[in-house]
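Open the model in your viewer and keep the selection panel at hand. The stops below go from one selection to the next.

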Amino acid sequence: MAEEEHSSSTWHNSEQSDLASTSSYRRPSLTSHDDSAESAGPGHMLRPGSPQPRMSSDSGGISSGSKWRDTSTALSDSQEIPPSNPEIVETTFDENILRVLCDMDCGVPLLLDRIKQSMVSCRAIFFKKRALIEEEYGKTLQKLARSTSEVYSMNDGKAGTFVTAWQNSMKIHEVLGDNRIRFSQHLNEMSEELANIAKEVDKNRKSTKELATRYERALQESESFTEKCKNRLEVTTEELERLLLQKEGESFKDNTVQTRAGTTGGKRVIGKAVAKGGLLLKGKNPGNASPPQEDDIRSRMSAASDAFRKSVIDTQAMRQEYFNFQLPRILRALKECSDEIDLGTQYHLTRYAFLFESILLNDGSALVPPKDEGGHSVGLKIAMEAIDNRGDFRTYMQNYAYAHSVSPTKGPRREGPSDEGFLPPLSSRNSDKPPTSSSATHVNGYNSSDKGRPTFGIDLGEQMARDDVDIPPIMRRCCEAIEKYGINSQGIYRLSGTTSKVAKLKQLLDKDLEAVNLDVHEWSSDINNVTSVLKMWLRELPEPIMTFSLQQGFIEAAKIENDRLRHIRLHERVNDLPDPNYATLKYLLGHLHRINQHASENSMTNQNLAIVFGPTLFGQSAPTAGPSSSIADAPYQNQAIETILNFYTDIFVDDSE
């Protein structure tokens, strides 16, 4: 009897929940229920609105629960949740989004379509094509720069400062090409990493989709089986009702009409009576029916009722387990796949932006090296501005004249015997000056107050002996004016003055040095005119400051890689200079040392100053050397001047000073 009462109460509960009246079952609410909360106990209290975990009492004794356990192994280890964990979703996960997805009927297809969109965005071929473009550009630029340098070195091009600037320009282009090649390598790495992420996410998406499909198919099969059990029970119930009505002598059709007219839910009332023990057997004439037939029908109806009840319980447990446990797991796994590919794509896009900015900054640093760098790199603009066309032409002219003086020329001869019609050369302006100078010397001697003595193109020793000075007056006056008006001028000595102004100042200084006032606005307003005149005076010396005889010694010392040893050897070469050259070099480099102390304002570091004054102080190569030697020695000339400037105080300044 207790079993019948339990079966009857379960049956009534199933009827009240309307499970037997419809073939489509609604999704149970994900909010916590009273009965499940009580069975969970105080130690497993759930937050309001959170997905309810599956309890052991929900599916205990039901064999269909094994279907879920067999299929749950399809999830990866990283996505698997231990059954003993009372919380389906970790606190670090976005529970609100998961709860909304669980409440939606289209949560699974929504996430699957979203992952497809993310994969299409992730598989964009922009990075790979951009990498090919950058790689081709970088390699082509490097190849062009190297081939241009090789072709120029094999042809008879301009020498001097131009070739130095040109070679520096090609090196800068090689650096730019190398930057682009490295950028293309990073882009290829990013493209491969994005492809790997898309491949892994697609694999997880397919496995999770297959798992969700198996869960849904199993639940649909269980619901279909429940519907079949329900139909079988209804057929058996109608058969029993028909048999009982026949025993009472009434037609089944009239009884059906009367039942529907008198009460509502006649079939349900009869079904309840049958379930409670068959009260309809108490008819007026129960002996009309055949007992074996009636017992057989009752036996089949009891079996159908038990099968239907068990199917309803199994389906309900399966549905609760699916919506409260399996579905959140599936949605969580899909959401994690979506987040993984979205975050991976965003990370690589951000990395691309950073690398793009970095490569542009590297290109800018190659074109314009930062001032605070201690390297010896030269910017493209500085290299081009360092070209001294006048100095290069003067050097070329001297070398050309020396090279062609050995072989006779095919043109008309300048001098020859008088019997062949040659006239003696006309006396030049300079030839008239020695008598005047001699007369002045006889009266006043060589002193700095003498007028009309040329300054440009005169040997350094002769000038200083003639003027009886320790430092050439033109150098002293120009350096003082430059330090007074241009020590903070941007690019001092690197920028050239106005051609007409430079020529005018040179003429005035060469005519009457003492009469020229460099403090007037005409010269102090543009100090580059004064610097150009000073460099012109140094270039026009018959023998350069570093002298032809010691030039090769300076070059060999500059080739030494060890900084300390190179400093010592150059110090020795400086001490070997003649006294006028030593005094002039000391004064000039002291002036340049003071210019360098304001490099933060004028941008003239020791390296930049050496580039400007290297060819000027060394002049052309020795007469025995050819033009190719001058070109090859240009970097070492700059290195020698830069080293002497770096160690100026050690080489020239005594402790007593």
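## Stop one: a buried ring pair

Select Phe613, which is buried, with a relative accessible area of 0%. Bear in mind throughout that this is a predicted model. Now add Tyr493, which also counts as buried because its relative accessibility is 0%. The ring centres of Tyr493 and Phe613 are 4.9 Å apart and the planes stand at 70 degrees, so this is an edge-to-face pair; the angle is over the 60 degrees that this class requires. Widen the view to see what the two rings connect: Phe613 belongs to helix α23 (residues 606-618) and Tyr493 to the loop between α15 (473-485) and α16 (499-511), so the contact ties together parts 120 residues apart in sequence.

Stay on Tyr493 and check its backbone. Its phi is near 75 degrees, a positive value in a residue other than glycine.

## Stop two: another positive phi

Go to Thr547, in the loop between α18 (528-539) and α19 (548-558). Here phi is near 65 degrees, again positive in a residue other than glycine. Thr547 has a relative accessible area of 3%, under the 20% cut-off, and is therefore buried.

## Stop three: further aromatic pairs

How many aromatic pairs does a search of the whole structure find? The search returns 15. One of them is Tyr152 with Phe162, a tilted pair with 6.2 Å from centre to centre and 45 degrees between the planes. Tyr152 is in helix α6 (residues 126-154) and Phe162 in helix α7 (residues 161-247), with these positions 10 residues apart in the numbering.

Next, select Phe126, Phe127, Phe183, Tyr352 and Phe356 together; ring pairs link these residues into a cluster.

## Stop four: charges over rings

Keep Phe356 selected and add Arg130. The charged end of Arg130 sits over the Phe356 ring, 4.6 Å from its centre. For a lysine in a comparable role, select Lys506 and Phe456: Lys506 lies over the face of Phe456, at 5.4 Å from the ring centre.

## Stop five: the two sides of α4

Finish with helix α4, residues 95-103, and colour Glu95, Leu98, Leu101 and Cys102, which are buried. Look down the helix axis: the buried residues of α4 fall within an arc of 125 degrees, so they line one face of the helix. Then pick out Asn96 and Asp103. Are they buried or exposed? Both are exposed, on the other side of α4.

Definitions and conventions:
Residues numbered from 1 in each chain as written. Predicted model: local features only at pLDDT ≥ 70, side-chain atom pairs only at ≥ 80, totals over all residues. Heavy atoms only, no water. Buried < 20%, exposed > 50% of the residue type's maximum accessible area, 1.4 Å probe, protein only. Helix = DSSP H or I, 4+ residues; strand = E, 2+ residues; numbered from the N terminus. Arc of directions from axis to C-beta. Phe/Tyr/Trp six-rings, centres within 6.5 Å; stacked < 30°, edge-to-face > 60°. Lys NZ or Arg CZ within 6 Å of the ring centre and 35° of its normal.
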